[in-house]
Amino acid sequence: MKIIKTELGIEKICGLCGESWPLDEDFFYRRGSGWHSYCKACCTLRTAELRAGAVRKVKLYKRKGIKNGNDSRGIDGNSGTV
Ligand SMILES: [Zn+2]
């Protein structure tokens, strides 16, 4: 965790984009007693990428016929699991 002191206050360097942002809840998510190592923008981006990947995987399974027949109602509405 990289934290730096600037004229404006304490900032934290995002582990993904490498930019420094003010260390508060506007820019970083809290994780337990500390802070997430990625800034909010990167977290959002990463989550979106992971979700897109998951959706792609489900579509691939469907095409391959792995998920055939069995109760498939939950697959498309199951966006809560990341
Ligand atoms: Zn970032």
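The following exercises, each with a worked solution, concern the predicted model shown above.

Residues are numbered from 1 along each chain as its sequence is written. Local features need pLDDT of at least 70 and side-chain atom pairs count only at pLDDT 80 or more, whereas totals for chains, interfaces and linings use all residues.

**Exercise 1. Determine how many helices and strands the protein has, and in which order they run.**

Step 1. Helices (H or I, at least four residues) and strands (E, at least two) are taken as DSSP runs and numbered from the N terminus.
Step 2. On this basis the protein has two helices and five strands.
Step 3. Read from the N terminus, the order is β-β-β-β-β-α-α.

**Exercise 2. Describe the sheet that contains strand E1, and state which strands form its edges.**

Step 1. Two strands count as paired if DSSP finds at least two bridges between them.
Step 2. The sheet is open and consists of three strands in the order E1-E2-E3, with antiparallel pairing.
Step 3. Strand E1 (2–6) and strand E3 (20–22) are the edges, each pairing on one side only.
Step 4. Neighbouring strands in this sheet are turned by 35° against each other on average, direction ignored; the axes are lines fitted to C-alpha atoms, for helices over the stretch in contact, and angles run from 0 to 180 degrees between N-to-C directions.
Step 5. E1 and strand E2 (residues 9–13) run antiparallel and are joined by five bridges. These two strands form a hairpin with two residues between them, and Lys 5 stands opposite Ile 10 in E2.

**Exercise 3. Identify the bridge partners and the positive phi in the hairpin of E4 and E5.**

Step 1. Strand E4 (residues 28–31) pairs with strand E5 (residues 34–39) in the antiparallel sense, over three bridges.
Step 2. Phe 28 is opposite Cys 39 in E5, and Arg 30 has Trp 35 as its bridge partner in E5.
Step 3. Two residues lie between the strands of this hairpin, and Gly 32 adopts a positive phi near 60°.

**Exercise 4. Test whether the length of helix H1 agrees with the expected span, and decide whether the helix is buried or in the open.**

Step 1. The expected span of a helix is 1.5 Å times one less than its number of residues.
Step 2. For the 25 residues of H1 (residues 40–64) this should be 36 Å, and the end C-alpha atoms are 36 Å apart, which agrees.
Step 3. A residue is buried if 20 or more other C-beta atoms lie within 10 Å of its own, exposed if 12 or fewer, and partly exposed in between, with C-beta atoms placed from the backbone.
Step 4. The number of buried residues among the 25 of H1 is zero, so the helix lies largely in the open. Within H1, Ala 41 counts as partly exposed because it has 14 C-beta neighbours inside 10 Å.
Step 5. Gly 65 follows H1 and has a positive phi, near 80°.

**Exercise 5. State what share of the protein's residues is buried.**

Step 1. Of the 82 residues in the protein, 5% are buried.
Step 2. Strand E1 has five residues, of which the number buried is zero, so E1 lies largely in the open.
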